[in-house]
Amino acid sequence: MSDQNVHNAGFTSSGITGGSLASSMMSQEARASGGGVHSGGPTATLQEMGARGSTHSSGFTSSGISGGSKASQMMSQEARSHGGGTPRGGTTSTVQSISMGGKGGRR
């Protein structure tokens, strides 16, 4: 289900769908960072997963983040860099939210 949620949000194998949640996220992230979308950020991560159709294999599932997965490593790294927790609107929480059918954490 999470792969379909990512696709429904506008992250597809042919790119980000205009007028979608994905395009809104990309625009918001680009404005916040001075004009570009950073590699490893929420938009880039979700687009990579949408292009490959691989949220499950990365560990982002409809029932949460899988232990020992790339997703759990991302969450751990992000938590360490933010003093122990993953911030709302950060890469891990946004990708997990969209994987579960949500709209992601807005910054």
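Hi everyone, let me start with a pair of helices: the axes of α3 and α6 come within 9 Å of each other and cross at roughly 40 degrees. What we have on screen is a predicted model, so please hear everything I say in that light.

Why begin with two axes? Two packed helices are described by the angle between their axes and the distance between the axes. At roughly 40 degrees, this pair falls outside the range for roughly parallel, which ends at 35 degrees, and short of roughly perpendicular, which starts at 65. α3 and α6 are therefore oblique to each other. As for handedness, the α3 and α6 crossing is right-handed. On the α3 side, the contact is made by Pro42, Thr45, Leu46 and Met49. From α6, the partners are Thr91, Thr94, Val95 and Ile98.

Let me stay with α3 for a moment. Which of its residues are buried? The list runs Pro42, Thr43, Thr45, Leu46, Gln47, Met49 and Gly50. Just after the helix comes Gly53, whose phi is positive, near 65 degrees.

α3 also holds a charged pair. Side chains of opposite charge can pair when their charged atoms come close. Here Arg52 forms a salt bridge with Glu48, and the closest N and O atoms are 2.8 Å apart. Both residues lie in α3, 4 residues apart, which is about one turn of the helix. The geometry fits the general picture: an α-helix has 3.6 residues a turn, so residues three or four places apart point the same way. Are the two partners buried or exposed? Arg52 counts as partly exposed, because its relative accessibility is 47%. Glu48 is likewise partly exposed, at 39% relative accessibility. The salt bridge count for the model comes to 1.

Now to the core. The largest nonpolar core has 13 residues, and those touching the most other members are Phe11, Met25, Leu46, Phe60 and Ile98. The elements that supply two or more residues to this core are α2, spanning 21-32, α3 at 42-52, α5 at 70-81 and α6 at 91-99. The largest share, 3 residues, comes from α2. You'll recognise Leu46 and Ile98 from the helix contact I described earlier.

What does Phe11 touch, beyond residues up to four places away in sequence? Its contacts are Val6, Ile16, Ala22, Met25, Thr43, Leu46, Gln47, Gly50 and Ile98. Among them, Met25, Leu46 and Ile98 are also on that list of core residues with the most contacts.

Next, Thr92, which lies in helix α6. With 2% relative accessibility, and the cut-off for buried being under 20%, Thr92 counts as buried. Leaving out residues up to four places away, Thr92 touches Phe60, Ile65, Met74, Met75, Glu78 and Thr86.

Let's go over to α2 and look at two of its residues. Glu29 lies in this helix, and because its relative accessibility is 12%, Glu29 counts as buried. Setting aside neighbours within four places, Glu29 is in contact with Gly36, Val37, His38, Gly41, Pro42 and Thr43. Met26, also in α2, is partly exposed, with a relative accessible area of 34%. Beyond residues up to four places away, Met26 touches Ile16, Val37 and Thr43. If you want a distance to check, Met26 and Gln73 are 47 residues apart in sequence and 24 Å apart in space, C-alpha to C-alpha.

Last stop: the segment after α6. Met100 is found there, partly exposed at 47% relative accessibility. Again leaving out residues up to four places away, Met100 touches Asn5, Thr61 and Ser62. The C-alpha atoms of Met100 and Ser23 are separated by 19 Å, with their positions 77 residues apart along the chain. Gly102 is in that segment too, and with a relative accessible area of 29%, Gly102 is partly exposed. By the same sequence filter, Gly102 touches Leu21 and Ser97. From Gly102 to Glu29, the C-alpha distance is 18 Å, for residues 73 apart in sequence. Gly102 and Pro87, 15 residues apart along the chain, have C-alpha atoms separated by 16 Å.

That's my tour, and thanks for listening!

Notes: Residues numbered from 1 in each chain as written. Predicted model: local features only at pLDDT ≥ 70, side-chain atom pairs only at ≥ 80, totals over all residues. Heavy atoms only, no water. Core = buried A, V, L, I, M, F, W, Y, C linked by side-chain atoms within 4.5 Å. Buried < 20%, exposed > 50% of the residue type's maximum accessible area, 1.4 Å probe, protein only. Contact = heavy atoms within 4.5 Å. Salt bridge = Lys/Arg side-chain N within 4 Å of Asp/Glu carboxyl O. Axes fitted to C-alpha atoms, helices over the stretch in contact; angles between N-to-C directions. Parallel < 35°, antiparallel > 145°, perpendicular 65-115°, else oblique. Left-handed = near helix turned anticlockwise from the far one by under 90°.
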